[in-house]
Amino acid sequence: VFLPAVVVFFAYMVGMMAIVQFPGLENLQSDEVMVKMLSFFSQQGGLIQFAQAMLLVGALAAIMSTADSALLSLSSIVVQDFYAKPSKQKHSEEKLLKLGKIISWTLTGIVVLIALKPQTTLWRLLEIKFELLIQVAPAFILGFYLPKLKANGALIGLLIGMTLTAIGFLSGAKWFGLHPGVIGCLVNGLICFFMSKVKK
C-alpha cells in the first residue's frame with residue numbers, strides 16, 4: 001500500500017532538483033527533466049556516475065520487460081483467437097509461431113514509427129496508453145453489473161471506442177474540451193449498456 005508513495009517521492013525529488021538546476025523549463029523541455037538530470041549526474045564522476053548508469057540500465061530493463069510481455073500477449077491473442085480458432089483447422093505449432101513473430105515485428109515497426117515522431121513526448125505516449133486502456137473499463141464494470149451484456153456487445157463497444165480514440169489522436173481534436181479517450185470510453189459504455197438491453 002505504501003510502496004507507491006515511496007516510489008513517487010524519489011520522482012518528486014528529481015523534479016524538485018531539476019527546478020533548481022534547470023530553471024525555466026516549459027512544455028516539451030519538462031519531459032526531458034530525467035535525461036537532463038542524468039546528464040548532469042554523469043559529469044560528477046565517481047560513485048554518482050556509476051549510480052546513474054545503474055539507473056539507466058534498470059529503467060531500460062523494466063521498459064523492455066513490460067513491452068516484451070505486452071507484445072507477446074498481443075501477438076498470441078491475434079494468432080490464437082482471430083486466426084486459429086475461427087478457421088476451425090488444425091494448424092501446426094511451427095506455422096502459428098512464425099505468424100506470431102510476423103505480427104510482433106509488424107507491431108514493433110508501427111510503435112517505433114510513432115515513437116520517432118519529434119512531437120511525441122513521453123507524456124504524450126503515456127496519454128495514449130491510458131486513453132486506450134480505459135476502453136476496457138466498460139466491458140469489466142458493466143459486464144459485472146449487467147449480466148445480460150454478452151461478449152459480442154462488449155467487443156463492439158470496445159472497437160468503436162478505440163476507433164473514436166484513434167481518430168481523435170490522428171486529428172489532434174478534443175471534443176467538448178475532453179480527451180479522445182474519454183469520449184471513446186463514454187460512447188463505448190453507452191453501446192455496452194444498449195447491447196445489454198437487446199434480447200438477441
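**Exercise 1. Work out what share of the protein chain's contacts with a separation of 6 or more comes from residues 24 or more positions apart.**

Start with the cut-off: a contact means heavy atoms within 4.5 Å. Now take the contacts with a separation of 6 or more; residues 24 or more positions apart account for 54% of them.

A quick note on what we're working with: this is a predicted model, where local features need pLDDT of at least 70, side-chain atom pairs count only at pLDDT 80 or more, and totals for chains, interfaces and linings use all residues. Residues are numbered from 1 along each chain as its sequence is written, and side-chain values use heavy atoms, with hydrogens and water left out.

**Exercise 2. Describe the fold and decide how spread out the protein chain is.**

Elements come from DSSP runs (helices: H or I, at least four residues; strands: E, at least two), numbered from the N terminus. That gives eight helices and zero strands. The radius of gyration, taken over C-alpha atoms, is 22 Å, well over the 16 Å the globule rule gives for 200 residues, so the protein chain is more spread out than a compact globule. The rule itself is 2.2 Å times the number of residues to the power 0.38. As for extents, the C-alpha trace spans about 65 × 50 × 40 Å along its principal axes.

**Exercise 3. Place Leu56 and classify its exposure.**

First, find its element: Leu56 sits in helix α3 (residues 46-87). Next, apply the classes for relative accessible area (buried under 20%, exposed over 50%, partly exposed in between; 1.4 Å probe, protein chains only). Leu56 has 36% relative accessibility, so it counts as partly exposed. Finally, Leu56 and Tyr145 lie 44 Å apart, C-alpha to C-alpha, with their positions 89 residues apart in sequence.
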